[in-house]
Amino acid sequence: MIIASWNVNSIRARLPRVTEWLKEFSPDVVMLQELKCPDENFPRLEIEELGYHVATHGQKAYNGVAILSQYPMEDVIYGLPGDDSDDQARYIEATIKGANGKIRVGGLYLPNGNPVPGPKFDYKLGWMDRLILRAKALLAREQAFVLGGDYNCCPKDEDCYDPARMAGDALTRPETRDRYYSLLNLGLTDALRHYAPSGPAYTYWDYQRGAWQKDNGLRIDHLLLSPQAADRLRRCDIDRTPRGKEKASDHTPIWCELEI
DNA sequence: ATGCCCACGACACGTGGA
């Protein structure tokens, strides 16, 4: 089973890029972020036509997450548990019933958090604390799961093309990294780093200043696996192809293959 | 030169992204 994550930066603006990638790559499951549209405007039919079940958690103009799956989905939850006052659409979770077993999939769009300090950074850290609690709850089930998406966190300086330029940014702040490593220290596996333990492995390139052409990127999209999922990990990679196309998202897909 | 792009929504040189 191939499970991918892609921040598309508007599903409506990106629909041609998304459908061509689904046709060429045929991932079994895709977590999408930054839909930037309410559920009623999500291009559901166009994606269902390609053989995908669709679960969306959108909102007007900002945020928005979805899970696409070639297998049926069960027990979908919309929104990250732990704060009923949080009205930002940044989390969706579902169980995928594969041919040879099931896996729980959480798709997330973690808050950017800039500027630092400020209420947006406080919101980011609180959101990460809730994600850690959610991961603990899922780990207690002792089943395969993946938490994938745009974490808005460069775990190490090597995950930034220019660490000095990013110093103090919410994506590299120690408070952000501490929480990312708290997640890993629960026993989760950063799937990409299992195969590429160090060095550049970017998933995002700014639209500005020719960042893509100069490979001035960031590694901020991650797939974190529970022990039961990591046991089944067979491959993980970043597909840079979509980033080089016309009308590209500023992010590109990351994917892993699990023996499920 | 910490500016330069992109998308949204409804014109605002507005906001948010990262």
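Start by selecting Tyr204: with 22 C-beta neighbours inside 10 Å, this residue counts as buried (buried means 20 or more other C-beta atoms within 10 Å of a residue's own, exposed means 12 or fewer, partly exposed is in between, and C-beta atoms are placed from the backbone). You're looking at a predicted model, where local features need pLDDT of at least 70 and side-chain atom pairs count only at pLDDT 80 or more, while totals for chains, interfaces and linings use all residues. Residues are numbered from 1 along each chain as its sequence is written, and chains are lettered from A and ligands numbered from 1 in the order in which they are written.

**Around Tyr204**

Tyr204 belongs to strand β10, residues 204-205. (Helices are DSSP runs of H or I with at least four residues, strands are runs of E with at least two, and both are numbered from the N terminus.) Now add Gly217, Leu218, Ile220, Asp221, Asp250 and His251 to the selection: leaving aside neighbours within four places in sequence, these are the contacts of Tyr204, a contact being two C-beta atoms, placed from the backbone, within 7 Å. Then draw a C-alpha to C-alpha distance from Tyr204 to Arg219; it should come out at 6.4 Å, with their places 15 residues apart in sequence.

**Strand β2 and its partners**

Next, select residues 29-33, which is β2. Buried or exposed, how do the 5 residues of β2 come out? Of the 5 residues, 5 are buried, so the strand is largely enclosed by the rest of the structure. In a regular strand the side chains alternate between the two faces of the sheet. Turn on the side chains here: Val29, Met31 and Gln33 point one way, while Val30 and Leu32 point the other.

Now bring in β1, residues 2-7, which runs parallel to β2 and is joined to it by 5 bridges. (Strands count as paired if DSSP finds at least two bridges between them.) Asn7 has Gln33 as its bridge partner in β2. Follow the chain from β1 through helix α1 (residues 11-25) to β2, and you trace a right-handed β-α-β crossover; right-handed means that, with the strands pointing away from you, the path from the first strand over the helix to the second runs clockwise.

β1 is mostly covered too, with 5 of its 6 residues buried. Click on Ile3: this residue stands opposite Val29 in β2 and opposite Cys256 in β14. β14 is residues 254-258, and its pairing with β1 is antiparallel, over 4 bridges.

Back at β2, pick out β4 (residues 65-69), an antiparallel partner over 5 bridges. Here Val29 is bridged to Ser69.

**Into the core**

Keep Leu32 selected and add Val105 and Val146. These have the most contacts inside the largest nonpolar core, which has 67 residues. (Such a core is a set of buried Ala, Val, Leu, Ile, Met, Phe, Trp, Tyr and Cys residues joined through C-beta atoms within 7 Å.) Its largest share, 5 residues, comes from α3. For Leu32, setting aside neighbours within four places in sequence, the contacts are Trp6, Val8, Ile11, Val65, Ala66 and Leu68.

**The six-stranded sheet**

Show β5, β6, β7, β8, β12 and β9: in the order β5-β6-β7-β8-β12-β9, these 6 strands form an open sheet with mixed pairing. β5 (73-78) and β9 (189-190) stand at the edges with a single partner strand each, so one side of each has no neighbour in the sheet. At the β9 edge, the partner is β12 (residues 221-225), antiparallel over 2 bridges, and Thr189 is bridged to Leu225.

**Backbone oddities**

Most residues other than glycine have a negative phi, and most peptide bonds are trans. Zoom to the loop between β7 (101-109) and α3 (119-139), where Pro115 sits. The Asn114 to Pro115 bond is cis, with omega about 0°. Pro117 is in the loop between β7 and α3 as well, and a cis bond joins it to Val116, with omega about -5°.

For positive phi, go to Lys36, at about 60°. Lys36 is buried, with 20 other C-beta atoms within 10 Å. Glu142 has a phi near 55°, but counts as exposed, with 9 C-beta neighbours inside 10 Å.

**Last stop: DNA strand B**

Finally, display DNA strand B. Of the 23 residues around it, Ser10, Ala61, Asn112, Tyr207 and Gln208 come nearest; being near means having a C-beta atom, placed from the backbone, within 6 Å of the strand.
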